[in-house]
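Work through the exercises below with the model open beside you, and try each task before reading its solution.

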Amino acid sequence: MTTKCVDDYRFKLGTRELVPIMIGGMGVDISTADLALAAARLGGVGHISDAMLPTVADRRYDTKFVKEKLKKYKYNVENTDKTDIKFDLGVIEEATRLHVGKTMAAKRGDGMVFINCMEKLTMNAPKETLKVRMNAALDAGIDGITLAAGLHLGSLALIEDHPRFRDAKLGIIVSSLRALQLFLRKNSRSGRLPDYVVVEGPLAGGHLGFGLEDWSKYDLATITAEVIAWLKAEHLDIPVIPAGGIFTGSDATRHLKAGAGAVQVATRFTVTKECGLPDDVKQEYFKASEGDIEVNGISPTGYPMRMLKKSPGIGSGIRPNCEAYGYILDSNGKCAYIDAYNREVTAQPDAKKIKVWDKTCLCTHMRNFDIWTCGHYTYRLKDTTRKDDGGNYRLLSAEHVFRDYQFSKEGKILLPE
Ligand SMILES: Cc1cc2nc3c(=O)[nH]c(=O)nc-3n(C[C@H](O)[C@H](O)[C@H](O)COP(=O)(O)O)c2cc1C
C-alpha cells in the first residue's frame with residue numbers, strides 16, 4: 001500500500017473542492033492578507049482576522065481611525081472608569097470594508113479567504129460591534145466567516161438578514177462536542193447549519209478553550225473523533241477540521257484518514273515572510289525551546305493563552321489604553337487589566353514604573369506584537385529551516401510551508417534550498 005499525503009484528499013465545502021489545508025486566523029494582523037492570499041492561490045483556505053481593524057487599517061491603508069478615537073476620548077485617559085469609551089460603528093464598518101475589500105480584490109486562484117471573528121472582542125457593546133463587523137465583512141465580499149473565541153450563541157441571528165447569509169461559508173471553532181451542541185441548539189432558529197466546524201485542541205496558539213489547570217488533559221484526536229461520531233449519528237454532513245499541534249503533512253494526513261474534512265494550521269506559518277510578525281520576533285519563535293513556552297492566565301479575556309515566556313508584554317504595567325483601543329471592554333465598560341493595573345498603582349505608590357504580572361493590556365501589546373502567542377510546537381520551528389551565514393534562521397515562504405503540508409510523507413519536513 002502506498003503512503004498517502006494530504007494532497008490525496010479534498011476538502012468538500014458545498015460544491016467546492018479545495019486542498020484540505022486551512023491557515024487559521026491570527027490577530028492582530030499576524031495572519032496578514034498576503035498570508036491568506038497565498039493559501040487561496042494554492043487552492044486552500046486562508047484567514048484574515050478582524051481583530052482591531054481600525055489600527056490595522058491605519059498601519060496598512062493610511063487611515064487615522066485610532067488618532068481620531070483618542071482625540072475624542074482624551075479627556076478620559078486618567079480616569080479609571082472606562083464606561084464612556086464607545087466605538088463608532090461607522091468606523092468599525094469602514095475599517096472592515098477596507099481591509100476585507102482590498103484583500104478580496106487581490107485574491108487569485110481557486111481557494112478561499114475567510115475572516116476570523118472573535119466574540120471575546122467585546123468592545124463595550126458586544127452585540128452591536130460584532131454585528132457590524134460580520135455584516136461589513138459580508139458586504140465587502142469575504143468568502144466565509146469563522147466564529148472564534150466564544151460560544152457564539154446569538155451570532156448567526158446578527159447576520160441572518162444579510163443577502164449573503166446563505167451563500168457565504170460560515171463555520172465555528174469549538175473545543176468540545178458540548179460547545180458545538182450548544183451552538184447548534186441556540187442557532188437552530190436561523191434555519192442554517194454551519195458549513196464547517198473547526199475543533200481546536202489544547203496545543204493551539206492564541207487563546208485556548210480549556211481551563212488553565214486542565215488543558216493538558218485533553219487531546220485533539222479524541223475530541224475530533226467524538227465530534228465526527230456525533231455528527232454522523234445525527235446525520236449532519238458537516239466537515240470537521242481539527243486544529244492545534246498539526247505540525248507535519250503526516251500529522252495532517254492522519255487526521256484526514258480518521259475522517260476530518262481538512263486541517264487548520266497556524267504555527268508553521270508564523271515564520272513565513274508573509275506573516276505579520278516583525279522579523280526579529282520571528283527569530284524568537286525559531287529560537288524557542290520547549291521550556292520557553294507557557295500557557296498562562298494573563299489575558300484579560302479570561303481564557304488561558306499560550307505564549308513565549310519572553311514576551312515583552314508580560315509584567316508590563318502600562319496605563320490601560322482603552323481610549324485608543326478598548327477592544328476587551330465588556331458590556332459594562334470593564335476589563336480585568338484595568339482592575340489589575342489600578343490595584344498595583346495603589347500598592348506601588350512610589351514606583352516609577354508599575355509592574356502588573358497577573359494580567360496584561362492585551363490590546364496594546366497584541367497591536368505592538370509584544371505578546372508572542374504561539375502554538376505548543378513552536379520549539380520545533382528551528383527544524384523547518386536552515387541558518388543563513390549571519391546565524392539567523394531563514395524565513396520561509398508561505399508557499400513552501402503550504403506545499404510541505406500538502407505533499408510531505410513519513411513525518412518529513414522539507415527544508416528550503
Ligand atoms: C500567533 C498565533 C495567533 C493566533 N491568533 C488567533 C486568533 O486571533 N483567533 C483565533 O481564533 N485563533 C488564533 N490562533 C489559533 C490558530 O488560528 C489555529 O487554530 C491554531 O494555532 C492551530 O494550531 P497550530 O498553531 O499548532 O498549527 C492563533 C495562533 C497563533 C500561532
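**Exercise 1.** Which strands each supply at least two residues of the shell around the ligand?

*Solution.* This is a predicted model, in which local features need pLDDT of at least 70, side-chain atom pairs count only at pLDDT 80 or more, and totals for chains, interfaces and linings use all residues. Residues are numbered from 1 along each chain as its sequence is written. Strand 5 (112–118) and strand 11 (263–265) are the ones sought, strands being DSSP runs of E with at least two residues and helices runs of H or I with at least four, numbered from the N terminus.

**Exercise 2.** Determine how helix 1 (residues 33–41) is placed in the structure.

*Solution.* Begin with burial, where a residue is buried if 20 or more other C-beta atoms, placed from the backbone, lie within 10 Å of its own. Ala33, Leu35, Ala36, Leu37, Ala38, Ala39 and Ala40 meet this criterion; because seven of the nine residues are buried, helix 1 is largely enclosed by the rest of the structure. Next, identify the partners: the buried residues of helix 1 pack against strand 3 (21–23), strand 4 (45–49), helix 4 (89–105), strand 5 and helix 12 (398–407). Finally, follow the chain onward to Gly43, just after helix 1, which takes a positive phi of about 95°.

**Exercise 3.** Is Phe65 buried or exposed?

*Solution.* Phe65, which is found in helix 3 (residues 65–73), counts as buried because it has 22 C-beta neighbours inside 10 Å. Leaving aside neighbours within four places in sequence, its contacts (C-beta atoms within 7 Å) are Pro54, Ala57, Asp58, Val91 and Ala95.

Key: Buried ≥ 20, exposed ≤ 12 C-beta atoms within 10 Å, placed from the backbone. Contact = placed C-beta atoms within 7 Å.
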